[in-house]
Amino acid sequence: MKGKSFMSDMIRFELEDVVGRENVSTTEAERATYSVDYFWISRMWEDHGAEGPMADVIVRPGSSEEVSRILKVANYYKLPVHTWGGGSGSQGGALPMAGGILLDMKRMNHLISIDENAHSITAEAGMIFQQLEWYANERGYSCMHIPSCLTCGTIGGALGHRGVGILSSRYGKIDDMCMSMEVVLPNGDIMNTLPVPKHAAGPDLNQIFIGLEGTLGVITKATFRLFEQPECRRHRGFMFPDLTAGLEAGRDIMQKCQPSIMRLFDEAETVSIIKKIIGVEERGSFMNLTLEGIAKIVDIEMEMVIDICVRHGGRDMGSEYGEKWYENRITFFYPDHIMDIPQMFGTMDTVADFSHVEKIYWAMKNAIESNFPDVRFIAHCSHWYGWGTMIYDRFIMDDSPEDREEALRLHNQIWNTGVRAAMENGGVINDHHGIGLKLARLMKEQYGPAFQVMEGLKKALDPNGIMNPYKLGL
């Protein structure tokens with residue numbers, strides 16, 4: 001479909017027939033808008049004045065039926081299809097690397113229903129998640145999915161990369177919250193998963209499409225659990241002498257209590273970020289923690305948490321610093337606080353069980369800082385499970401190479417070095433940001449022979465290979 005031709009005009013007419021002329025665009029300005037997300041390379045490429053990956057045509061469907069018809073057109077002409085939500089992804093997962101059709105889903109932003117008996121809410125997948133949360137709040141509930149991209153990420157985006165919010169240690173990730181979904185398959189069939197996720201009628205089909213980043217179909221609707229607002233939400237801060245002591249306390253806490261938030265910062269991030277924003281002056285490994293729910297139960301759990309932290313060498317800093325972290329939880333991502341171009345940076349986002357997590361941290365830190373002397377490595381553990389935690393590990397280089405190809409090469413070398421160090425020491429390459437284009441080349445190394453299962457699903461459901469090419473290693 002590249003270039004202006006009789007055939008491309010005919011295909012555009014077919015797409016206009018589906019969604020209306022006003023919802024189809026081939027202007028260079030609009031196509032360029034969708035060539036950049038929060039993936040560092042796409043932003044660097046644009047910053048250098050180079051043309052990024054562009055779709056041939058932007059299409060904005062308004063219903064599942066329109067998505068179905070678009071995919072039937074795409075299959076007939078063997079056109080690639082990329083699904084775009086809010087464009088807030090950091091892995092290049094929505095970038096139209098193969099041209100073709102880009103589906104901007106944000107017209108599909110309607111609330112379908114709220115079921116107060118089942119404590120569930122259903123909406124179209126193009127809705128910004130903040131809007132879904134507001135609908136829940138109006139009835140006295142919360143979805144409890146509160147990520148940093150709450151105001152700019154869509155429902156479909158959160159499901160597509162198996163996202164997570166700050167309250168995940170208590171309420172789970174997006175896949176724990178999702179009850180059912182409507183998905184348009186690559187051939188245009190509209191399917192629904194079973195109305196509840198816990199059953200013995202075969203596998204939970206939700207889990208086939210959650211985290212698959214649009215490579216097996218387009219998520220168009222979803223139903224989520226609703227939670228009553230907690231009676232209280234209490235914050236606390238602790239300072240540990242080092243990361244080791246904090247990890248031991250964190251493991252103990254997760255196996256005895258259920259905090260909604262627990263973030264443990266290594267010494268480097270405590271000094272470089274927590275001191276700047278929260279005002280903590282001490283050296284060590286800072287932890288902020290939040291408990292919520294019924295006040296009487298929270299009181300008991302807080303006593304247990306304080307006891308655990310003190311036993312592991314932590315100093316109770318009271319509620320002040322925990323409250324400051326909660327109040328500033330989005331400030332960390334504002335200009336002058338978050339890394340930005342011309343810096344080179346990345347969040348490697350590794351997850352492991354408690355037996356391996358500290359070993360992975362040191363392996364990654366040593367590998368990156370020894371191989372790239374101009375790069376800083378900082379990290380915190382921000383989403384915890386009864387069996388382990390994830391490392392929100394970042395590399396930062398203040399002076400990125402001016403040549404864009406050299407910068408791209410160096411960026412990928414740093415990622416290869418850090419991620420391979422994680423895998424070699426028992427880590428999984430991503431907890432919640434997704435794989436996208438950034439990590440696609442490493443998926444076969446992570447999965448080994450098991451990757452043929454994913455390839456088999458891809459071949460069966462998308463034999464023409466039209467859905468989001470080059471993502472997830474598929």
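## A nonpolar surface patch

In this predicted model, F6, M7 and M10 together form a nonpolar patch on the surface. Their combined accessible area is about 340 Å². One of these residues, F6, belongs to helix 1, which covers residues 6–19. With a relative accessibility of 67%, F6 is classed as exposed.

## The four-stranded sheet

The model also contains an open sheet of 4 strands. Their order in the sheet is 1-2-4-3, and the pairing is mixed. Strand 1 (24–25) and strand 3 (81–84) lie at the edges. Each of these two has a single partner strand, so one side of each has no neighbour in the sheet.

In general, the strands of a sheet pair through backbone hydrogen bonds, in either a parallel or an antiparallel sense. Strand 3 pairs with strand 4 (residues 101–104) in the parallel sense, over 4 bridges. W84 stands opposite D104, a residue of strand 4.

## Cysteines without a disulfide

A disulfide is a covalent bond that joins the sulfur atoms of two cysteines. How many disulfides does the model have? The count is 0. For C149, the nearest cysteine sulfur is that of C152, at 5.4 Å. Because a disulfide requires two cysteine sulfur atoms within 2.5 Å, C149 is in no disulfide. C152 is likewise in no disulfide, and its nearest cysteine sulfur is that of C149.

Are these cysteines buried or exposed? C149 is partly exposed, with a relative accessible area of 27%. C152 also counts as partly exposed, at 33% relative accessibility.

Methods: Residues are numbered from 1 along each chain as its sequence is written. This is a predicted model: local features need pLDDT of at least 70, side-chain atom pairs count only at pLDDT 80 or more; totals for chains, interfaces and linings use all residues. Side-chain values use heavy atoms; hydrogens and water are left out. Buried means under 20% relative accessible area, exposed over 50%, partly exposed in between (1.4 Å probe, protein chains only). Patches are made of residues with over 30% relative accessible area and no salt bridge: like charges are joined within 9 Å, nonpolar side chains (Val, Leu, Ile, Met, Phe, Trp, Tyr) within 5 Å. Accessible areas come from the Shrake-Rupley method with a 1.4 Å probe; for residues, only the protein chains shown count as cover. A salt bridge is a side-chain nitrogen of Lys or Arg within 4 Å of a carboxyl oxygen of Asp or Glu. Two strands pair if DSSP finds at least two bridges between them.
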